[in-house]
Amino acid sequence: MKLSQLLKGIEVKNSYTDVEVCDVTQDSRLVKEGYLFICIKGATFDGHSVAKEMLEKGAAAVVCEYDLGLDRQVIVSDTRSALSPICANFFGNPAEKLKLIGLTGTNGKTTTTFLIKQILESLGKKVGLIGTVQNMVGDEVYPAHYTTPDPHELQSLFRKMVDAGCEYCVMEVSSQALAQGRVKGIEFLLGAFTNLTQDHLDYHKTFENYFAAKRILFENCKIALTNTDDEYGKRITEGLDCKVYTYGVKKINVDFSARNVEFSPKGVKYELVCDSIGRVNCPIPGRFSVYNSLCAAGVALALGFDFSEVVMAISQCIGVKGRIEVVPTNTDFTVIIDYAHSPDGLKNIISSLKEIATGRVVTLFGCGGDRDKTKRPLMGKIASELSDFCIVTSDNPRSENPGAIINDILEGMKDTKTPFKVIENREEAIKWAVNNAKENDILLLAGKGHETYQILPTGTIHFDEREVVNEALK
């Protein structure tokens with residue numbers, strides 16, 4: 001493809017030679033003969049510093065933000081903003097041929113995107129999915145490295161979906177992806193908001209920055225669906241031109257509401273009220289399953305699908321790996337794996353389990369290293385206040401000392417009367433928890449969810465909590 005074709009729609013500040021380009025990357029390690037290298041300035045590395053080296057390595061040209069004195073340079077005002085449209089041009093702008101549904105918020109994105117995909121498929125549509133657990137083109141599964149992929153991988157997935165005949169794509173859109181322009185230039189048919197609580201402040205620094213990043217999605221969608229039970233859900237569409245729909249459980253003056261909610265270990269039931277009323281039976285337990293399924297139903301209804309068919313579709317949905325996932329144990333206690341790794345996420349899952357528990361709720365959790373340290377004592381406080389017993393352990397410590405992370409968590413548990421135990425090694429902690437479980441206990445393994453690895457200071461190891469539970473049971 002010609003360089004001029006890749007730069008279509010992008011303001012270029014200099015004249016350049018229209019060379020042939022065989023691929024695009026911002027990763028200097030991937031550059032090969034004929035590649036277009038985009039110089040991105042990151043937190044620890046600036047691609048401009050290796051631009052000359054990339055040309056010597058065989059790059060067809062480099063895209064930069066200022067004059068580097070190189071023969072084959074293209075100067076633009078913002079290389080990060082240019083990356084997404086360049087990749088879109090390279091893959092033939094496939095997003096324009098898809099009906100894109102983007103979901104953002106702190107909690108609930110993964111489960112809700114899966115529910116939306118299942119609802120649309122039950123209504124006869126072929127759907128792609130992009131998210132934290134995995135990427136999907138119809139039924140074909142591709143590994144997910146990030147919640148929202150970098151522009152090259154993202155556009156590649158869009159291309160696969162179009163070629164496979166997908167009509168819709170439902171995707172999680174993270175705050176980092178929005179702030180970094182990974183979806184720059186992409187127009188969403190519908191954007192949906194779940195909620196906003198403390199997370200990722202190590203990246204965004206302030207809560208308002210976090211909120212502002214989320215809002216970018218709704219500046220680029222035709223239809224918006226927002227949870228007005230959440231204070232930020234009320235604000236996120238203020239002043240925007242898109243068509244806005246609302247949903248909620250606490251208020252009745254919304255477009256889609258859930259009333260007369262019933263909880264059980266087998267799921268949730270409620271009346272979905274809009275212009276019509278229908279009884280929803282969602283086979284995923286927990287209070288937040290009301291919000292997740294209500295949001296998914298709201299998406300389908302806002303897109304114009306038949307009410308009765310949407311209600312029926314929800315009852316046929318299944319759960320998501322690592323989200324309120326019940327591990328088969330054949331015992332008199334229950335083991336649940338959930339990805340909850342933020343204060344609000346932990347509060348939601350424990351509170352939901354308390355509503356259906358007939359015995360103790362035992363919470364095993366830790367906090368990730370090299371991430372927002374302020375949420376560690378908060379999570380300790382929440383777990384100790386809501387649980388009947390806590391086991392504090394390691395999560396993904398990354399480069400940090402696991403013991404130091406645990407000490408941060410324990411700061412929030414100093415005033416608790418709830419008994420707890422500290423076992424730093426997560427495998428040992430899970431085995432102790434299983435071996436000491438009592439009749440009717442619900443043992444919650446929080447934080448890892450779908451992950452099958454653990455990131456330690458010494459490197460990444462294979463770690464699947466399902467396997468550890470089974471080993472303990474043996």
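Which residue in E3 does Ile38 stand opposite? That's Val63. Before I go on, a reminder that this is a predicted model.

Okay, so let's stay with those strands for a minute. E2 covers residues 35-38, and E3 covers residues 61-64. The two run parallel, with 3 bridges joining them. E2 also pairs with E1, residues 23-25, again in the parallel sense and over 3 bridges. If you want one pair to click on there, take Thr25, whose bridge partner in E2 is Phe37.

Now, the faces. In a regular strand, side chains alternate between the two faces of the sheet. In E2, Tyr35 and Phe37 sit on one side, Leu36 and Ile38 on the other, and all of them are buried. Both faces of E2 are covered, then.

Next up, Thr104, which you'll find in strand E5, residues 99-104. Its relative accessible area is 0%, so we call Thr104 buried. What does the polar part of the Thr104 side chain have beside it? The backbone oxygen of Val173, 2.8 Å from a polar side-chain atom. Leaving out residues up to four places away in sequence, Thr104 touches a whole list of others, including Lys109, Leu178, Phe193, Lys214 and Phe218.

Last thing: empty space. How many cavities of 30 Å³ or more turn up in the whole structure? Just 1, with about 40 Å³ of space in it. Among the residues lining that cavity are Leu3, Tyr16, Val19, Asp71 and Arg72. By class, the lining has 5 nonpolar, 3 polar and 2 charged residues.

That's my tour, thanks.

Methods
Residues are numbered from 1 along each chain as its sequence is written. This is a predicted model: local features need pLDDT of at least 70, side-chain atom pairs count only at pLDDT 80 or more; totals for chains, interfaces and linings use all residues. Side-chain values use heavy atoms; hydrogens and water are left out. Helices (H or I, at least four residues) and strands (E, at least two) are DSSP runs, numbered from the N terminus. Buried means under 20% relative accessible area, exposed over 50%, partly exposed in between (1.4 Å probe, protein chains only). A polar contact is a pair of N or O atoms within 3.5 Å; within protein, one must be able to donate a hydrogen and the other to accept it, and residues adjacent in sequence count only if both atoms are side-chain atoms. Contact means heavy atoms within 4.5 Å. On a 1 Å grid over the protein atoms alone, a cavity is a set of points where a 1.4 Å probe fits but cannot get out, and a pocket is an open set with protein on both sides within 12 Å along at least five of seven lines; lining residues have an atom within 4 Å of a point. Grid points are joined across faces, edges and corners, and a volume is the space filled by probe spheres set on the points. Ala, Val, Leu, Ile, Met, Phe, Trp, Tyr, Cys and Pro count as nonpolar, Asp, Glu, Lys and Arg as charged, and the others, Gly among them, as polar. Two strands pair if DSSP finds at least two bridges between them.
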